[in-house]
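Me: Could you take a close look at one part of this protein with me, the region where some helices pack together? I am in my first year, so please explain the terms as you go.

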Amino acid sequence: MIHRPRFHPPPHIYPPDEWNLTEKRFMPDLLEQGETMFALGNGYLGMRGCFEEGGPIGQNGTFINGFYETWPIIYPEEAYGLATTGQTIVNVTDSKIIKLYVDDEPFWLPNANVRSFDRRLNMKSGTLDREIVYETPAGKRVSIKSRRLVSFEHRHVAAIFYEITILNAAAPVVLSSEMIANEPAPRRANYDPRQAKVFNEKVLNHRLSYAKGQRIVLCHATNKSGIVLACAIDHVLHTSLRVTWKTSYTPDAGQVVASIDAEAGQPITLTKYIVYHTSHTAPPEEVCARAERTLDRAVSTGFTALLAGQERFMEDFWQRSDVKIMTNPDRAKASTTAVQQALRFNLFHVLQACARAENTGVPAKGLTGAAYEGHYFWDTEIYVLPFLTYTAPHIAKNLLRFRHGMLDKARERARQLNQQGAMYPWRTINGEEASAYYAAGTAQYHINADIMYALKRYIQATEEDEFLFDEGVEMLVETARLWRSLGFYSSRKDGQFCLLCVTGPDEYNTVVDNNVYTNLMAKENLRFAAETVERVRDRRPDLFTALVHKTRLDLSEVAEWKQAADRMYIPYDQRLQITPQDEQFLEQERWDFDRTPADKYPLLLYFHPLTIYRYQVIKQADLVLAMFLLGHEFSADLKQRNFAFYDPITTGDSSLSACIQSIMAAEVGEMGKALEYARVATLMDLGDVAGNVKDGCHIAAMGGVWMVFVYGFAGLRDYGGELRFWPTLPDVFHCIRFNLMFQGRTLEVNVGQDTTSYRLKTGGGLTIHHEEEEVKLSPEEPFAERPNRNHHVDLKHND
């Protein structure tokens, strides 16, 4: 049950449009929210949707994934093993600025006499487009057309097309293209631990700055982390009119000014090319040289070719990743167009967060804001990787390989925690633990199992054993070692294997014993590790020898992992006939929801943690998430009883909850709740449900929207490496259609009210299951259609 207040924009703000999110007027009251929603990015570089003219600004931001500053975590009372170094993503050099002066007067949107306004996030082309006509006090009408892109093809490149036309008169026009480093950060209006740290000191230190014609290069390095950043801009101006140029720069700023005597009806087009490069190891001169080479190529390529490449990339993305829906006009409150718009908005921002995230993770806010410090969490593996595994497996592999790259630091962290194996950090950028609050951070040991769960799903969907046998198995060995050293066989539990002092996904119940989500995921991790090691030994003796050398593995450990998995303790309450979230949970008093005002959510901002920890109250799906990920561990009846017990005490204070609650509500036949949670999940950012979209998009929740439609309403279950569908389509939808990439094949799924059809679009033969029936598809017989016999059937309990 969602207890928090909900925030939905009036429907006229963003008119329904399948491919565009459009503002038809300047809305200063939604300035910061718009900067998030109109942000562009490619997974490496991100720019908030601030106006080109340098203002007005709520929270400005340009971010490079993995570009961060470190700072010491200060504890009033020290303790052994606590995280010592914080990491915060840095707002890098702002290069978006193009200021406009007509008759020597600046165009300033809040004061302008705007005659027409259209700004749109173009999700088909991957651009931010804007058309404005305003009238000066002298009666001169000015047309501004701009188009911004952050290139998917060329991940270091962004570009802005900026066209000015004086429609009815002549006038002097000045275009001032600028770049600024070390912009002052906005101060927090109120306390919110989710927001980013504000540095009081200057973060970017000058290393180099120079200009060549209309080109400027600024190079800086962070104070403590020592990462070098080069930002370079260049310009091409097209007009039949005479132009004069002036270029200037300082250590922290650059300005290229074009002055033109404009004539009526004569367009002036400025294209600004922008490049960013960073390095942990190269000297400033080399990083600047890289930036200049990239800039040379971008300028010679031209904006038209950059845009064509962007559109090709987007066309390929939507062919692989789109979820097409059609609503039932007799039952649905929202039109097909409005729902399609909301769905694509979520998928587009997931793409922008991870498409070119290479040798990095996916920040919780993507590159749309600095909240959560730009850190990577468990939610990448559980909420984002399902979408990527089935639509862009090469990106999923990059993210899993990044986790392998931080394995040595995870080993170090395990030693700090007095454990064997490896312990992945709860929140990080550089691989070191950055969570200063161990109860809701480091104690979430389940992140190890979350990463291995994502690895298993990826391998089953791609059959890429080479990756598993080389990099994947090393992670499995070290995570399995962690579980074996963390747990013990309890004589008070008939010798079952127990995990104490852990925190599950629900951060309102911390440092508990035998959290069921953690225990079940650890069990899965241990079994997968044992199975994989034995497969490598049997199939690739050469890689097994290398594995033993790297990890000093003894096969006796494999037997220990199997035993721990087989004897894993899973609590069960006989009186209530439900699964306790953890051993203490049912002993606690239920939270008084009736006496908690709506404006006191999220609870974490208004109640001391110890107060929250004493009660039966849940921040986000925990046991319910376990039932989704490991549904074979629960009978259908138990799922229903568990959902009925936990749903009313789940606050929805986490954006990650609604999508999972929707999926499980659909599975247990609670279609009203499934639809309501789906609505909340889909509008999490577009409707500003949590009231904090100004700080950035909730990327994991956006990945969860894809899961709602594919796992929830289409009923996909993929445990065990098979595709099984149990469609439960609400009557507000006529049909939903999507593609899945699976084991080298492309499968199109079309779920209707009465039937579901499957089409093998590429690849060899494929066997899937529709409800209880096996369905075989082949290139010769690529199509099959089956009736949806049970709309609200419970998925079966399969051991």
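Reply: Happy to help; here is a walk through two helix pairs, the loops beside them and a few cysteines.

A word on the ground rules comes before that. This is a predicted model, in which local features need pLDDT of at least 70 and side-chain atom pairs count only at pLDDT 80 or more, while totals for chains, interfaces and linings use all residues. Residues are numbered from 1 along each chain as its sequence is written, and side-chain values use heavy atoms, with hydrogens and water left out.

Helices here are DSSP runs of H or I with at least four residues, strands are runs of E with at least two, and both are numbered from the N terminus. Two packed helices are described by the angle between their axes and the distance between the axes. Each axis is a line fitted to C-alpha atoms, for helices over the stretch in contact, and angles run from 0 to 180 degrees between N-to-C directions.

Let's start with helix α8 (residues 446-462) and helix α10 (residues 516-539). Their axes lie 9 Å apart, and the helices pack at an angle of about 50°. That makes α8 oblique to α10; angles under 35 degrees count as roughly parallel, over 145 as roughly antiparallel, 65 to 115 as roughly perpendicular and the rest as oblique. The crossing of α8 and α10 is left-handed, a term used if the near helix is turned anticlockwise from the far one by less than a right angle, with right-handed used if clockwise.

Which residues meet there? Contact means heavy atoms within 4.5 Å. From α8 the participants include His 446, Met 452, Tyr 453 and Leu 455, and from α10 they include Tyr 517, Met 521, Glu 524 and Phe 528. The residues of this α8 and α10 contact divide into 8 nonpolar, 4 polar and 3 charged. In that count, Ala, Val, Leu, Ile, Met, Phe, Trp, Tyr, Cys and Pro are nonpolar, Asp, Glu, Lys and Arg are charged, and the others, Gly among them, are polar.

Next, follow the chain to Glu 463, in the loop between α8 and α9. Glu 463 and Gln 743 are 280 residues apart in sequence, yet 5.9 Å apart in space, C-alpha to C-alpha. Leaving aside residues up to four places away in sequence, Glu 463 touches Tyr 458 and Gln 743.

The second pair is helix α9 (residues 465-486) with helix α11 (residues 541-551). Their axes come within 11 Å and cross at roughly 35°, and this crossing is right-handed. Among the residues making the contact are Phe 469, Val 473 and Arg 481 of α9, together with Leu 543, Leu 547 and Lys 550 of α11. The residues of the α9 and α11 contact divide into 5 nonpolar, 1 polar and 6 charged.

Two loop residues deserve a look too. Asp 494, in the loop between β20 (488-490) and β21 (496-498), has a phi near 55°, a positive value in a residue other than glycine. Arg 552, in the loop between α11 and α12 (555-566), also has a positive phi, of about 55°, although it is not a glycine. Asp 494 counts as exposed at 73% relative accessibility, and Arg 552 is exposed at 76%. Buried means under 20% relative accessible area, exposed over 50%, and partly exposed in between (1.4 Å probe, protein chains only).

Last come the cysteines. The count of disulfides, meaning pairs of cysteine sulfur atoms within 2.5 Å, comes to 0. For Cys 501, the nearest cysteine sulfur, that of Cys 498, is 12 Å away. Cys 501 is partly exposed at 46% relative accessible area, whereas Cys 735 counts as buried at 14%.
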